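The questions below ask on what grounds certain terms are applied, and each reply sets a value beside its definition.

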Amino acid sequence: MGKGSCVTLLLFIGLVSSVYSYDLYKDPSQDVEARVQDLLSRMTLAEKVGQMTQIERGVSNNSVVKDLFIGSVLSGGGSVPDAGNTAEAWQDLVDRLQNDALSTRLGIPMIYGIDAVHGHNNVFGATIFPHNVGLGCTRDPDLVKRIGVATALEVRATGIPYVFAPCIATCRDPRWGRCYESYSESTEVVTSLTDIILGLQGEPANKTAGFPFVADSSKVAACAKHFVGDGGTTNGINENNTVIDYKGLVDIHMAPYFDSIAKGVSTVMISYTSWNGMKMHANKFLVTQVLKYNLKFKGFVISDWEGIDRITSPAGANYTFSIESSINAGLDMIMVPNNYPQFINGLTDLVKGGYINMHRIDDAVTRILRVKFAMGLFEKPLADRSYSKHLGSEEHRSLAREAVRKSLVLLKNGKEAGKPLLPLSKTAAKIIVAGSHANDLGRQCGGWTITWQGGNGTTTKGTTILDAIKGAVSPTTQIVYEPYPQPGFAQSQGADFAIVVVGEPPYAETFGDNLNLTIPEAGIPTIQNVCGEVRCLVILVSGRPLVVEPYLPVMDAFVAAWLPGSEGAGVSDVIFGDYDFVGTLARTWFKSVDQLPMNVGDEKYDPLFPFGYGLKMGTPNSSKNCWR
């Protein structure tokens, strides 16, 4: 062979080698589906199983993410970086784990997820928006969309690209401990507020319905939860059984998912609950046939925290069965979150033994990779630290203050016609502020704030209702604050009027299940001791309606503030007349728990305040012309 022929052959071999080594999946100019299939074809079983595994931050050391090809890491409620609960510490944590993932053979980035259910609520100093129970009363899709935009920016400020939100449950019984995570008892209201997904992820243009969509690195992948029927359990018991026929399940509980999928939601989380006795985490008909095929959802389906463990009773009694039944039901990623060796080994053995076929594994991994490619995670896997400025920004706090104003519902204004108490005077000589919730930011924010269950006191940055009142009134007005006033106190002060702020302690999930729904702690005696002695406004801070009928006669005015979050000035803006009330009830306010469940449209419907009720200042205390 001549010299020229050798050179030609070497050039040809080099060209072939170059073409052969071309990693199509790394080329952002290629179609997402082509990239997914190229990467999938290169993966081993171990790498696929790793992608299906989500573990908790607390067990995610370097060797785990790298050696086991972990696809996702999460922070549960209150799980924060060891270095501190700051934007920089979060960014460092996420980047460290991401670099471990990128150092693997194929360099598949992991996706970090967190609960951001009313703002970036795990992070100290983030803007805490009203919980969904309050946002439902605004009937304002544009507002919740803007909240989604702000939340995405604050989450990205910590380097996190994935949120377990929104909750689109239709809560049919306020005894449920998660009712405040629901916008309404009305499917129509819940559905209208799925526009928060457009804020979190961006608005898809010319996209095929059902495919995940994340516009750019200022947005996050969202998660519609909890599929399906979580708000309809018997007696509102958390994680219990929803007894309803298929038509009712679709019409009441599934309808918001239609809109969420059409808006490009990236992931769907499965509910702990059962439907007519069948655990949702093992329900192949609803997960695979309905969600994936009928609704054409193309993102990935994720379990809840230890959700597959609870397929059996007691939880974890037969973990191998739980893995097999959940994966075969159609779940794609499992929020393990701690016992990852048992899950990884168990899933691997089930595949090798033929109990779970490779087609099912490939479907799961295809969906996971599709979301990662669609959100640009391969191109921009690390934290963009320029977003740090958005965490708790004044712009976002102003938005949260607006949300508080619009979520307040005026339920009573004056004991007699023509004699309203509101708006309150800013130039009153003396005002009593009383109650356990007037000067407590933690109670004002509720559960899922800094920690899973929330807490009392100054848990984060914000403005209490008391501080907001002090900032609203004239410098010459004297404010007398007493959290737990005794009989005779109010009368002795000679005040113009009193503002009583009482409500529920913070709670989350099962810890909030409540069969009596009375105003807890010293709330009732505080109302009686103050309102029996001086004109008073009662502000109720709660995650749901509570029993108030026996105490209404003594109140001059009554406002439902729900769980307003960090910006208490939204309350003072309205009660002192800078803005009028616009909120209307998104939940029926019952007279007695014996009436529950009771929802608008029921044949027997005799509420204290009906769904849609809400006064404006100066309007009479009636439900006429107050329906929306």
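A salt bridge here is a side-chain nitrogen of Lys or Arg within 4 Å of a carboxyl oxygen of Asp or Glu. This is a predicted model, in which local features need pLDDT of at least 70 and side-chain atom pairs count only at pLDDT 80 or more, while totals for chains, interfaces and linings use all residues. Residues are numbered from 1 along each chain as its sequence is written, and side-chain values use heavy atoms, with hydrogens and water left out.

Q: What makes the pair Arg178 and Glu509 a salt bridge?
A: The closest N and O atoms of Glu509 and Arg178 are 3.5 Å apart, and the rule asks for a nitrogen of Lys or Arg within 4 Å of a carboxyl oxygen of Asp or Glu, so the pair is given that name. Glu509 sits in the loop between β15 (497-503) and α19 (523-531) and Arg178 in the loop between β4 (162-163) and α8 (187-192), 331 residues apart, where helices (H or I, at least four residues) and strands (E, at least two) are DSSP runs numbered from the N terminus.

Q: How many salt bridges does the rule find across the interface of domain 1 and domain 2?
A: The rule finds 2 across this interface, the domains being 24-390 and 408-595, with bounds that come from an automatic or database domain assignment.

Q: Why is Tyr25 called buried?
A: Its relative accessible area is 2%, and buried means under 20%, exposed over 50% and partly exposed in between (1.4 Å probe, protein chains only), so Tyr25 is classed as buried. Tyr25 lies in the loop between α1 (3-20) and α2 (32-42), and its contacts (heavy atoms within 4.5 Å) beyond four places away in sequence include Leu106, Phe373 and Phe378.

Q: Why is Asp578 called partly exposed?
A: Asp578 has 44% relative accessibility, which falls between the two limits, so it counts as partly exposed. Lys426, at 27%, is likewise partly exposed.

Q: How do you know that Asp578 and Lys426 meet in a salt bridge?
A: Their side chains come to 2.8 Å, N to O, and this value satisfies the limit, so the name applies. Asp578 lies in the segment after α20 and Lys426 in the loop between β12 (409-413) and β13 (430-434), so the pair ties together parts that are 152 residues apart in sequence.

Q: What makes Arg405 and Asp573 a salt bridge?
A: Their closest N and O atoms are 3.0 Å apart, which meets the rule. Both residues, Arg405 and Asp573, are buried.
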